[in-house]
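Let's take a walk through this model together. Have the sequence and the coordinates open side by side, and follow along as each part comes up.

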Amino acid sequence: MSKLGNLGARLHRGEVGYDFVGNRKIWYGLSILITITAIVGLAVRGLNMGIEFQGGAVFNTPKTSVSVSQAQEYAEKASGHDAIVQKLGSGDEAPLRIQVAGIDTNQADKVSAQLAKDLGVAEKDVTGELVGPSWGEQIANKAWQGLGIFLVLVVIYLAIAFEWRMALAAFVALIHDITITVGIYALVGFEVTPGTVIGLLTILGYSLYDTVVVFDSLKEQTKDITKQTRWTYSDIANRSINSTLVRSVNTTVVALLPVGGLLFIGGGFLGAGMLNDISLSLFVGLAAGAYSSIFIATPLVADLKEREPQMKALKKRVLAKRAQAAAEGESPDAPATATDEPFDDEPEDAAPAVVGPRNQPASRNRGRGRPSGKRR
């Protein structure tokens, strides 16, 4: 078995673990800091909306030796508006894609003719596509509607399948992921296109998947939790995170590898800038989703549950029992060594069962020696 597989098995059995819930204030503080940075970046720099959202024209040129910076200067001078230029391919000569926002049909024809002249190509070889601002506004509204419907359905489903506290925690985690992803777009300055919206909706599904996996484990392990005095709710919540940690990490890494290829190789080295609009949202969102599922959602559920009167009473009994065990010189049960089935229906004063390897009750010694008496 590989080292990672062995670690995953030990985490699942509760032999090792990290106290995510106990250190939740650290992760809350880190998330707040990242979120504030994202909001400030969004407020100061704003989003670089593509022409699909604000209207404008897209010009495609044949192969030319003119640099991207020089072509941008030509386009801004010809149109009087900001322009975005992307090189479609590699080498000294490559086609260009020039986006100019805020121009109409009459302006587009003049800009196209001027670009052909400045770039030294035939006017008929410069193709243009005009996008009206009303179409972009419709796309933006549909995107917001889709996002709102998705969040409402998620909260309703989780409230029914689990409980309202888990639904609230999942909702906070999703908003956390959206805010960070949008803030990164503002800070980096990448163009926001319909592909960006598609990527944003996609990462919410990944984030929700990781969260539900932990919640399902938590729901199963906290069944009849008040009938025992070994573990608090936070102990079992921490156990649930550790038992699914390797699975969540593996899922995220496998998803990030192809997305990273699109972002860093396709968009960076190969110059396919059109891939950046969707790949950046996927890359940032997948990483933020994995982080929020582990460090935000489940610790937040534990925080909310520990406020319940029955959970407060349970925690008081558990801590009292551990203090008594420590005073008598016994080794109190530690949260990191919880078994796969932490609860039983035995009375509290029953003799503890002997636990063998792999957390299974050790079989009693039914030796094969015969009783004293005559041999048969």
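What follows goes from the sheet to a pair of helices, then to the salt bridges and a few single residues.

A word on the ground rules comes before the tour. The model is predicted, so to speak of local features a pLDDT of at least 70 is needed, side-chain atom pairs count only at pLDDT 80 or more, and totals for chains, interfaces and linings use all residues. Residues are numbered from 1 along each chain as its sequence is written, and side-chain values use heavy atoms, with hydrogens and water left out.

Let's begin with the sheet. Four strands form an open sheet in the order S3-S4-S2-S5, and their pairing is antiparallel. Strands here, like helices, are DSSP runs numbered from the N terminus (helices are H or I with at least four residues, strands are E with at least two), and two strands pair if DSSP finds at least two bridges between them. At the edges you will find strand S3 (83-87) and strand S5 (127-131), each of which pairs on one side only. From one strand to the next the twist averages 15°. Angles run from 0 to 180 degrees between N-to-C directions, and axes are lines fitted to C-alpha atoms, for helices over the stretch in contact.

Now look at the pairing of strand S2 (residues 56-60) with S5, which is antiparallel and runs over five bridges. Within it, Val58 stands opposite Glu129 in S5. Two helices pack on this sheet. Helix H4 (residues 68-79) touches S3 and strand S4 (96-101), and its direction makes about 150° with that of S3. Helix H5 (residues 105-119) touches S2, S4 and S5, with its direction at about 30° to that of S2. Contact means heavy atoms within 4.5 Å.

Next, please turn to helix H7 (residues 164-188) and helix H8 (residues 194-221), which pack at an angle of about 150° with their axes 10 Å apart. Their crossing is right-handed; a crossing has that name if the near helix is turned clockwise from the far one by less than a right angle, and is left-handed if anticlockwise. On the H7 side the contact includes Met166, Leu174, Ile178 and Tyr185, and on the H8 side Leu200, Leu204, Leu208 and Phe215 are among the residues involved. The residues of this contact divide into twelve nonpolar, four polar and two charged. In that count Ala, Val, Leu, Ile, Met, Phe, Trp, Tyr, Cys and Pro are nonpolar, Asp, Glu, Lys and Arg are charged, and the others, Gly among them, are polar.

H7 also leads us to the salt bridges, of which the whole structure has eight. A salt bridge is a side-chain nitrogen of Lys or Arg within 4 Å of a carboxyl oxygen of Asp or Glu. Which residues are linked with Arg165 in a network of salt bridges? They are Glu163, Lys305 and Glu308. Glu163 meets Arg165 at 2.7 Å, N to O, while the closest N and O atoms of Glu308 and Arg165 are 2.6 Å apart. Glu308 lies in the loop between helix H11 (276-305) and helix H12 (309-327) and Arg165 in helix H7, so this pair ties together parts that are 143 residues apart in sequence. Glu308 is buried, with a relative accessible area of 9%, and Arg165 is buried as well, at 15%. Buried means under 20% relative accessible area, exposed over 50%, and partly exposed in between (1.4 Å probe, protein chains only).

Another salt bridge joins Asp235 and Arg322, whose closest N and O atoms are 2.7 Å apart. This pair links helix H9 (residues 233-243), home of Asp235, to helix H12, where Arg322 sits, 87 residues apart. Asp235 is buried at 12% relative accessible area, and Arg322 counts as buried at 18%. H9 itself is mostly covered, with eleven of its eleven residues buried.

One of the H9 residues, Ile241, is touched by Pro299, as are Val21, Arg24, Tyr28 and Ile294, not counting residues up to four places away in sequence. Pro299 belongs to helix H11 and is buried, with a relative accessible area of 0%. The C-alpha atoms of Pro299 and Lys25 are separated by 9.3 Å, although these residues are 274 residues apart along the chain.

Our last stop is Asp224, in the loop between H8 and H9. Most residues other than glycine have a negative phi. Asp224 has a positive phi, near 60°, and is partly exposed, with a relative accessible area of 38%.
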